[in-house]
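Trainee: Got a minute to go through a model with me? I'd like to start with how the chains meet.
Mentor: Sure, put it up.

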Amino acid sequence: MSILANKDTHVVIQGGAAGVNAARRMAEFCYLIKRPLNVEAFVYPPDAGKTNEIPYGSGLIAIPIYKTIAEATKNHPTINTSLVYIGADRAMKGAMEALDDSHIKVVSMITEGVPEKDAKLLGAHARKLGKVFNGPSSIGIISAGACRLGVIGGAFDNLVLSKLYREGSFGVITKSGGLSNEIIWICSQFADGITTAIGIGGDAYPGTDYVSYLEMFEHDPQTKAVVIVGEMGGDLEERAAEWYGAKKRRIKLIGVVSGFCQESLPKGMKFGHAGAKEGMKGEGSARSKSEALKKSGALVPETFGALGPAIKDTYQGFLKSGLVKEIIEPVSLPRLPKTVEEAMKADEVVVAPLIRTTISDDRGDEPCYDGYPASELINKGYEIPHVIGLLWDKRLISKQEAEIIKRIMMLSADHGPCVSGAYATILAACAGIGLSQAVAAGLIMIGPRFGGAVTDAGRWFKYAVDNNMKVDEFLAYMKKHVGPVPGIGHRVKSLRNPDKRVKELVGYVKSLQIKTPCLDFALAVEQVTAVKKDNLILNVDGTMAAVLVDMGFPVDSLNGFFILSRTIGLIGHWVDQKRQDSRLIRLFDYLVNYAAPKRREVPPLK
Amino acid sequence: MAKVLEGPGMGLMKKWGIHVPHYAVVTSADELSKLGQVNEWMKQTKLVAKAHEALGSRFKLGLVKVGLDLSGAVAATKEMIGRQVGSITISQVIVSEMVPHKDEYYCAVKSTREGVEILVANCGGIEVESNWERVKRLCLDVGQAPSTEKLEKLAKEAGFTGPVAKKMADFAEKMFACFDHEDAQYLEVNPVVTRESDGELIALDAVTLLDGDAKFRHPDWNFQFAAEFGRAYSRDEVEVMGVDSKIKGSVKFIEIPGGDTAMLPAGGGASVYYSDAVVARGGKLANYAEYSGDPPDWAVEVLTEKVCSLPGIKNIIVGGAIANFTDVKKTFGGIINGFRKAKSDGKLKGVKIWVRRGGPREKEGLDAMRALKDEGFDIHVFDRNTPLTDIVDKALQK
């Protein structure tokens, strides 16, 4: 048997993420002991109407979320226990709601930092109703082989190591969440394990005391001894001692109390638990508690370290007297399926990656571009062109190359509202379209007639240079196989009205006295084509392309330079229209040539 | 519990109708001079000046001056502000009106398991301690308020007669109101005195312990809590508190000067057993520390650095039970980083480190600790099969 929590315990969890985590842990335990999940419902108003998916073995169980306890117990009348995971400021209201529901007999509060007055009110209310209010700051309650409430018992491996899949003979009551696991472990290693372990919480005035649980253990024939782990502060241990000493008890009591160190520490020092503070005038000291327990006939080891042997002795005594029999462990136990992440961590599984990347990695505390941490690049003076170099060409470009890219970007950032891309963005902005869609509208205008010739220009100039072609030979090849030479020709600019951007870029690159075979070739092509027709000049696309190919950028990346720099302008146009609160554009009739058939009668449908 | 200094404590009492002397908390002598120009009481009554810090034995240290006039109070303030007492610098002085009186009484309200206890005595000051049997109590269940009749009965039991009994009952009622509404855990006025000018009962001193956990429903608590052990918090303690307030989980750190065994254990419960083990073995604790609730590794790293900075330590105890869900590998990662930093800062010379822990990813965490040996740390690592506090025995064996 067990106390408080057993196979008939059905739970509602009040709260969000922490409650879901607890439900997962409870499901792990249910899976270990081959019982259905004991969590029936959640109460969490923000998500009411939805479900939380709780893994059980390798499957998922959908647990409904309700707005109120009443809704939960109406739909799940077997619910008899509530676990409170609500924040400290709302915990009391939630727990009161649960206590006041006739279905619920046990409320265990995990929330820490609950005001003392709230906890006392809840405790008093529960006692009045004849119910149990456990906590606050409780790690939970676990009955071996039967039921887990909360995260007590730790991770799955620990549940198995501590033999929580089957009942032993020792009850455990602790104030400390961390120590509850330690005691459960000790009971499983030095004796035959536990019946029920309860975390009553480390607050000054928990809703229950040792006595209420000792009384229950006394009436549970399976429990032969109870271990209590106390600490200085309050008088719960003295009350336990008083109860134990009052008459002959069936159960053996083993107790340890912490806080002897306080005798040699500054007065008033506060320890980890809110309740762990020596009272006024020395009452509630570890020594007085320890003495009281000893006097009552409880077994009180001198140190925590001696607790294991004390439990062992007690268990051996039970064995000798025939009170308990040695337990034969099951041959096999369910094993919790690992998640892919866990299996990978344990080197147990290989996953074929879905995609492959070679340029960046954001798994650390900051993104790395081709291996270089972004912050380090910033702090060592690198700039946007270097980031482009790393992400587009996987190399750290030189200062000089960065300067060229910077100039390219600046020269092609915008070219007024009339080009197709800018016009499309403006049109979209005026139609009330959002920034990203409006800019995308502009970007999809980039093509063979607007800014999109960079890649192709680069490809063919490179082809010519790589194949040592003469200009005439190249032009003949292009005419026969490709068509007009990308990068050559401009709608408005011509020899007499040269493109300043091109002049600027060519002038700068030439001034660097670096090798520019593609640019040289492109200029040579212009010499020939411009003679044929004076607007067949090397345009800005062609110039960018030649320069970038000379710098070694992959041909496929070249249009990217135009897309990237022109995006600056497109964003500007969108913001500009927004700022002006521009109205929807509609073409005037007179700007359209209506060449459609004249109005005529629709024939009858045949 | 959270201790509140006298100034804000009196402020809370005043809020609930308890008469308190005129008082002002100042941070400089100049400020007091300026206040003196606009506050009549400062010119008309004798004054008391006290260092407004969480310090014990202020009288002995000369940090309480009585019977002053305004210029005397200004001089006393000038002398006290900036004075160094142990680890703290006095930054505030509370100047209050001296209330001439004859009789002294006692009144307190304290939290009990069932509810509240109201304590009243017909004697006050240091007399209460030696006449504890004269203190009469009224016990109330939580949620219950005391009736006027019951309070009057209590006052009479304590030996008050005539109109003073009624006044004392009324005073206790206001104390209860303050206690109840302000989420207090302990309120004490010693002494309560009769003001000669109007015969009203007035609180000459205030001990105020509030429930820090209830701060969320008291937006007007615009004061800082004070240390409870007769000294102010050190800079490192305050820094760790700052970290603690920012994170999920917790990190705690209190320095104990003169010790040689530094504590870096996990868990509010286990940490005390570790401290006990040190004391039981004749060791001297250098601090109390604790981390729990799966805190982020950087918070544990800060805590570790503070622990490593404790002067004169010989051993560091990195103890812990079997964690429920604190990730041992991750939190140990924080500790390891802290150790490395401390070592590169020239600390940890001749310091032995003792580790015992269990819980999620315990093997990885313990292996990482063990590997510190190769970096020249004097480290000894044990797993869950070594009983909890045995590392203390090993560390402290002669």
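Trainee: How much area is buried between chain B and chain A?
Mentor: About 4500 Å², and carbon and sulfur atoms give 58% of that. Keep in mind that this is a predicted model.

Trainee: Which three residues of chain B supply the most of the area that chain B buries against chain A?
Mentor: Arg113(B), Tyr273(B) and Phe325(B). Together they supply 19% of what chain B buries there, more than any other three residues.

Trainee: And how many residues are in contact on each side?
Mentor: On chain B there are 49, and they touch 62 residues of chain A.

Trainee: What about charges, how many salt bridges cross the interface?
Mentor: The rule finds five between chain B and chain A. Arg113(B) turns up here too: it forms a salt bridge with Asp209(A), where the closest N and O atoms are 3.6 Å apart.

Trainee: How many residue pairs are in polar contact between the two chains?
Mentor: The count is 27, with both residues of a pair at pLDDT 80 or more.

Trainee: Which helices and strands of chain B each supply at least two residues to the side that touches chain A?
Mentor: That would be β8 (104–111), β11 (184–194), β14 (250–255), α9 (270–280) and β16 (287–292) of chain B. The biggest giver is α9(B), with six residues.

Trainee: How does that side of chain B split by class?
Mentor: It has 21 nonpolar, eleven polar and 17 charged residues.

Trainee: Switching topic to chain A on its own. At what angle do α14 and α19 pack?
Mentor: Helix α14 (residues 399–411) and helix α19 (residues 500–511) of chain A pack at about 175°, with their axes 11 Å apart. Angles over 145 degrees count as roughly antiparallel, so α14(A) is roughly antiparallel to α19(A).

Trainee: Which residues make that contact?
Mentor: From α14(A), Glu403(A), Ile404(A), Arg407(A), Ile408(A) and Leu411(A); from α19(A), Arg501(A), Glu504(A), Leu505(A), Tyr508(A) and Val509(A). By class they are six nonpolar, no polar and four charged.

Trainee: One last pair: how far apart are the axes of α7 and α8 in chain A?
Mentor: They're 8 Å apart, and the packing angle between α7 (residues 210–218) and α8 (residues 236–246) is about 35°. On the α7(A) side the contact includes Tyr210(A) and Leu214(A), and α8(A) brings residues including Ala240(A) and Trp243(A).

Trainee: What's the class split there?
Mentor: The contact of α7(A) with α8(A) has six nonpolar, no polar and four charged residues.

Definitions and conventions
Residues numbered from 1 in each chain as written. Chains lettered and ligands numbered in written order. Predicted model: local features only at pLDDT ≥ 70, side-chain atom pairs only at ≥ 80, totals over all residues. Heavy atoms only, no water. Axes fitted to C-alpha atoms, helices over the stretch in contact; angles between N-to-C directions. Helix = DSSP H or I, 4+ residues; strand = E, 2+ residues; numbered from the N terminus. Parallel < 35°, antiparallel > 145°, perpendicular 65-115°, else oblique. Contact = heavy atoms within 4.5 Å. Nonpolar A, V, L, I, M, F, W, Y, C, P; charged D, E, K, R; others polar. Buried area = accessible area lost by both parts, 1.4 Å probe. Salt bridge = Lys/Arg side-chain N within 4 Å of Asp/Glu carboxyl O. Polar contact = N/O pair within 3.5 Å; in protein donor to acceptor, adjacent residues only side chain to side chain.
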